[in-house]
Amino acid sequence: MVMASTAQLSAQTATIRPEQAHALPPAVLPAVSAHRRLAAESAFLKGAKQLQDGAYLPALQQFEDAVQLNPAKSEYASAMLVAREHAVTKLLQQAAMLLPTDRAAASQLVEQARRLDATNPRVLQHDVQGTTASHVVTQEEQAAPSVDLRPDNSMHSYHERGDSKALVLKVASDYGLRAAFDADLTPKSIRLDVDNVHADEALRIITLLGGTMYVPLDEHTFLLAANTVENRQRYDRLVQETFDLPGYQADQLKDFVSIAQQLLDIRQVSASPLGGKLVVRGPADRVAAFERVFKDLLQGTNEVVFDLKLYSVDKSHARNLGVVLPQSLNLFNVASEAQTVVSQNNALISQLVSSGVLPANATTLEIAAYLIFVAGLGSSSLLQNSFLLLGGGLTATAVSAGNIPTINLALTQSDARTLEDVQLRTSDQQRAIFRSGTRYPIQTSLFSDIASSTATSLAGATVNGVSLSSLLASYLGTNSLGSSAVIPQVQYEDIGLTVTATPRVQRTSDVALQLEVKLSALAGTSLNGIPVLDSRQFSSNLTVHDGETVLMVSNTSRNETAAMSGAPGLSELPGFQSTTNRNESDMSSSLVLLLTPHIVRHGHMQATGPYIPLTSRPGED
């Protein structure tokens, strides 16, 4: 939104609008007699003297009389506008000084300023009591179209030396413009040497040479004043512009604020990270320069999309081959072992005999053989694994193996793969982070309340007949002082994969990557009850062409085990190699990362941004 200048708003309330008078051709303007011209000139001179002495209200009256007498003179209308602005400013300053002590007098001064120029922006900021306005000003009251000079498009050359005011009048006339001068402006002797320039270039050179500034009053009239701090504050048109930056963080907005404040000397800059807005208020030329810089920064930013593919390959290979031979031999008495089996099953044997399954005259050895080999009820491993009988009768001896020979032919193999396919989009030199895994809670410390520590000291203490123990327990939310609550302090750690990529797009369409890969896992051990983390980190700076892929492979874990069983030395004999059993297992886990950058938005490839000429201001370094 562009705010109208004070001079423009004042001109709208004049009795005779100077821009309307200038727009009329000379033939249409009413004829002015010589007497009226002399009276108007006399009033103008009196007003100029009073304006120089600081008597702004009498000067304003004299200038208004001069405009009424001779409206064809543009100098009279310009002087009236300047005097009115000075008068309003002085009244508001006096009102501000009287406001703390005499509110009624301050209100009268503000009302007097309102009668002079009701549309002045500074007058609109005060209510009828002289304080800052609290009502909402409508769009029509506070906004007005910007005032810009519209000279003709001709080009002229100048090689002259002389009075600065005379040169300004000549240049303005050549381009179809009119010039008015501030009462405090002192002319200087300058030399103007330019060829084939437009109006804006010629005026800019003259103001630089003469140390002046010009302010447009309408499309064809401008006011020339000394380039001072006071005149800048008085005549500079202030504009306000809002820039939308959705998604920008607070630190990113601070960069734009620093550009506006430090480079362009725009003091009124505010940033709203919540809404993503940047509001800039300042002189029109500086805000326009900031807009060009702002657009160049946004349009010149490259954007990169990362195709991130993550493979986790887990392999398991187990093999069990060979013959397991008996590793021990036992000699035992057959009659004694049979008697043991019979003694353990007396009740069962009585049922079998009474039912006729076993004959009544069966021997102890026959009964034990029936229980073990027929009914499968015996528990004698010696009799089950016997393979050789020696002798007979009560001295019969058997040979038993410790285990039954077995042949192993087993093979187990597994291959598991998981895939993470992620796309990350980030701007040039902005960090992008990808995390895959879990957040593991780790208890770092314990805290307890103060109830148990104060139980002894408060025992028996009362206040107005009320026990301090019960009051403290009620306050702490505990049933009794003897029970204390334990409060754990937990810290969450990222377990898994973390990939951080910061791109920097080069002019050759290469992407320089600052890549960091971090793997975190539980080590399986703990220290003072706190789990130990096993972390590995990889950092690298590499350059990849647009669309190319970076491959990274990491072996996260690998376990190999082998176990062999058999008779010592037997497998080393020729022809007995297969008599040994071998159990092997191999487990490995690998991580494969594929990273492909794609430049999806190309900024400008120029080494520099736009060239923006800035006019120096008083007080700037």
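Two strands count as paired here if DSSP finds at least two bridges between them. With that in hand, look at β2 and β5 in this predicted model: Ala 180 stands opposite Leu 223 in β5, and four bridges join β2 to β5. This briefing walks through the sheet those strands belong to, then a pocket that β4 helps to line, and finally helix α16.

**The three-stranded sheet**

- The sheet is open, its three strands come in the order β2-β5-β4, and the pairing is mixed.
- Out at the edges sit β2 (178-181) and β4, each pairing on one side only.
- On average, neighbouring strands in this sheet are turned by 30° against each other, if you ignore direction.
- As a reminder, strands of a sheet pair through backbone hydrogen bonds, either parallel or antiparallel.
- The parallel part of the mix is β2 with β5.
- The antiparallel part is β4 with β5 (residues 221-226), and five bridges hold that pair together.
- Within the β4-β5 pair, you'll find Thr 212 opposite Ala 226 in β5.
- β4 and β5 also make a hairpin, with four residues between them.
- How much of β4 is covered? Most of the strand: four of its five residues are buried.

**The second largest pocket**

- This pocket has a volume of about 1100 Å³.
- It is lined by 38 residues, and the ones closest to its centre are Tyr 214, Arg 237, Ala 284, Asp 285 and Thr 615.
- Which elements give two or more residues to the lining? They are α10 (199-210), β4 (212-216), α11 (229-235), β6 (238-244) and α13 (284-299).
- The largest share comes from α13, which puts in seven residues.
- Sorted by class, the lining has 21 nonpolar residues, 12 charged ones and five polar ones.

**Helix α16**

- Helix α16 covers residues 364-374, and its buried residues are Ile 367, Ala 368, Leu 371 and Ile 372.
- Look down the axis of α16 and those buried residues fall within an arc of 120°, so they line one face of the helix.
- What does the face turned away from the buried side of α16 carry? There you'll see Phe 373 and Val 374, both exposed.
- For reference, buried means under 20% relative accessible area and exposed means over 50%.

Methods. Residues numbered from 1 in each chain as written. Predicted model: local features only at pLDDT ≥ 70, side-chain atom pairs only at ≥ 80, totals over all residues. Heavy atoms only, no water. 1 Å grid on protein atoms, 1.4 Å probe; cavity = no way out; pocket = protein on both sides within 12 Å on 5 of 7 lines; lining within 4 Å. Points joined across faces, edges and corners; volume = space filled by probe spheres on them. Nonpolar A, V, L, I, M, F, W, Y, C, P; charged D, E, K, R; others polar. Buried < 20%, exposed > 50% of the residue type's maximum accessible area, 1.4 Å probe, protein only. Arc of directions from axis to C-beta. Axes fitted to C-alpha atoms, helices over the stretch in contact; angles between N-to-C directions.
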